[in-house]
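Dear colleague,

Please find the structure below, handed over for your further work. My findings follow it.

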There are 2 protein chains.
Amino acid sequence: MKQLLLASTSTVHGSGYLEYLFGDLSDFFCNSATILFIPYARPSGIGHNEYTKKVAEAFEKIGKKVTGIHEHHAPLEALAKADGIFAGGGNTFLLLNQLYKNHLLAPLRDAISDGVPYLGTSAGSNICGLSISTTNDMPIVYPPSFKSLGVVPFNINPHYLDPDPDSTHKGETRETRIKEFHKFNTQPVVGLREGSWLMANDHTLTLKGLLSARIFEYDKTPYEVAPDTDLSDLK
Amino acid sequence: MKQLLLASTSTVHGSGYLEYLFGDLSDFFCNSATILFIPYARPSGIGHNEYTKKVAEAFEKIGKKVTGIHEHHAPLEALAKADGIFAGGGNTFLLLNQLYKNHLLAPLRDAISDGVPYLGTSAGSNICGLSISTTNDMPIVYPPSFKSLGVVPFNINPHYLDPDPDSTHKGETRETRIKEFHKFNTQPVVGLREGSWLMANDHTLTLKGLLSARIFEYDKTPYEVAPDTDLSDLK
């Protein structure tokens, strides 16, 4: 049975990397001996080794080992044998492009369907939606498609930001961008604020954290859902 | 001889659509009887007719007529006969996708090379760079390529925003995003603040407006350039 923990961000203000999630991650990965880490999103362009080291240091605090998928001579085999997966944040285009390039997108989807617990933060959550078309990232590389894992039946907008009523800046607000998305796409979009995450299995999908999420459905007025709302009917 | 006016934004805070540019636009389009408008970027998803109407109302104030390229039965012919072109802002992916789809990218490049004055704002400026990979927009449609007009030998980041030192938000700053771009691309990026524009011909390229621009060159510390700086060596 599918087990997903999809977080808006790895880090909340005033707290260490993944720290706000440690309690939940201990439970989530209780049967995972080692976490297979996918470092492809490369935040600020850091290398795969450096990123994996940072993640390993964080998981050490909850007694979990980490290996980077790039360290394996046979990444496909590593994925097939994994009993816990984490795809970290950074640039979503880069992450998706590298998954396509290494022929890992379908195997990753299969591993998730087979019930391997999957943690995503930011870009790593974004790729679980139907497409990456609601990412906030800069398109620094051109992936073969914007279609992504589709292990949830909607799109995710991580780091969701409310419009700033005092802003004099003329760049589009996040809400405007998502409304533009809905001129050309019909799937719902979950605007996930920093500090929020989704917990999903085959039967339930629940909003977690202290904040509400903003839901954008095609041809509907956007609305807020409170923490612990069951979103399993959203599609 | 190429004649470009590439603005960061169509509208500055507290002023009407294109209003801050009216003085310069009267000079820039002094030999243009009619402006051919490209409405494909569809800000907030508005339709081509509605967008063209808004632009026509603005240009009326400086005594210029406007036709939308979508109103012409033969857009290619309209482009070949144009004596003034304006590509407005909105979504850059949509604008570029529609130019590819309608086979207008190369003809538009040719018209610019032939010396037809071209005004771009926001997305319309972004497509003049080598690629749209430094857009801020959401990838709501998948264009056949990120390669764009390349009528200036660098990339543009419109609506450039300085990092907010008081922000608690963990989404990437604009500078971080452009640094990530430079892990995979080597062309310079001009971070063009709202209220700034570039004036270019075959020999000169000058920053205009009251603000400095931030220049990002591959493997160099970003730096500021003052208004009226000649940027024709930037490549």
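**A strand residue in chain A**

A:Thr206 sits in strand β9 of chain A, which spans residues 205–208. The model is a predicted one, and the remarks that follow should be read accordingly. With a relative accessibility of 17%, A:Thr206 counts as buried, because the cut-off for that class is under 20% relative accessible area. Apart from neighbours within four places in sequence, A:Thr206 is in contact with A:Trp197, A:Leu198 and A:Met199. The remaining contacts of A:Thr206 are A:Asp228 and A:Thr229.

**Chain A as a whole**

Chain A contains 7 helices and 11 strands. Along the principal axes, its C-alpha atoms fill a box of roughly 45 × 35 × 35 Å. A compact globule of 235 residues would have a radius of gyration near 18 Å, and the 17 Å of chain A agrees with this. Of the 235 residues in chain A, 58% are buried. Among contacts in chain A with a separation of 6 or more, 68% join residues 24 or more positions apart.

The accessible surface of chain A amounts to about 9500 Å². Carbon and sulfur atoms account for 49% of that surface. As to charge, chain A carries 21 positive and 26 negative side chains. The centres of these two sets lie 4 Å apart.

**How the two chains are related**

Chain A is superposed on chain B by a rotation of 180 degrees, with 0.0 Å of shift along the axis and an RMSD of 0.0 Å. The two copies are thus related as by a two-fold rotation axis. Of the interface residues of chain A, 100% are also interface residues in chain B, so the copies meet through the same surface.

**Two enclosed helices in chain B**

Helix α4 of chain B covers residues 92–101, and 8 of its 10 residues are buried, so this helix is largely enclosed by the rest of the structure. The buried residues of α4(B) are B:Thr92, B:Phe93, B:Leu94, B:Leu95, B:Leu96, B:Asn97, B:Gln98 and B:Leu99. They pack against β2 (34–38), α5 (105–113) and α6 of chain B.

Helix α7 of chain B, residues 174–181, has 6 of its 8 residues buried, so α7 is likewise largely enclosed by the rest of the structure. Its buried residues are B:Arg174, B:Glu175, B:Arg177, B:Ile178, B:Glu180 and B:Phe181. The elements that cover them include β6 (155–157), β7 (189–191) and β10 (213–216) of chain B.

**Two buried glutamates in loops**

B:Glu194 lies in the loop between β7 and β8 (197–200) of chain B. Its relative accessibility is 15%, so B:Glu194 counts as buried. Leaving out residues up to four places away in sequence, B:Glu194 touches residues of both chains. From chain A these are A:Thr168, A:His169, A:Lys170 and A:Gly171. From chain B they are B:Ser8, B:Thr9, B:Val12, B:His159 and B:Leu211. B:Glu194 and B:Tyr160 are 34 residues apart in sequence, while their C-alpha atoms are 6.9 Å apart in space.

B:Glu217 is placed in the loop between β10 and β11 of chain B. At 17% relative accessibility, B:Glu217 counts as buried. Residues up to four places away in sequence aside, B:Glu217 touches B:His182, B:Pro188, B:Tyr223 and B:Leu234. B:Glu217 and B:Asp162 are 55 residues apart in sequence and 17 Å apart in space, C-alpha to C-alpha.

**Backbone angles to note**

Most residues other than glycine have a negative phi. Two residues of chain B merit mention here. B:Ser122, which is not glycine, has a positive phi near 50 degrees. B:Ser122 is located in the loop between β5 (118–121) and α6 (123–126) of chain B, and counts as buried at 9% relative accessibility.

B:Asp228 also has a positive phi, near 75 degrees, in a residue other than glycine. B:Asp228 occurs in the segment after β11 (223–225) of chain B. With a relative accessible area of 53%, B:Asp228 is exposed.

With kind regards

How values were computed: Residues numbered from 1 in each chain as written. Chains lettered and ligands numbered in written order. Predicted model: local features only at pLDDT ≥ 70, side-chain atom pairs only at ≥ 80, totals over all residues. Heavy atoms only, no water. Least-squares fit on C-alpha atoms with pLDDT ≥ 70 in both. Contact = heavy atoms within 4.5 Å. Helix = DSSP H or I, 4+ residues; strand = E, 2+ residues; numbered from the N terminus. Buried < 20%, exposed > 50% of the residue type's maximum accessible area, 1.4 Å probe, protein only. Rg over C-alpha atoms; globule rule 2.2 N^0.38 Å. Areas by Shrake-Rupley, 256 points an atom, 1.4 Å probe, with all protein chains shown as cover. Lys, Arg positive; Asp, Glu negative; His and termini not counted. Charge placed at Lys NZ, Arg CZ, Asp CG, Glu CD.
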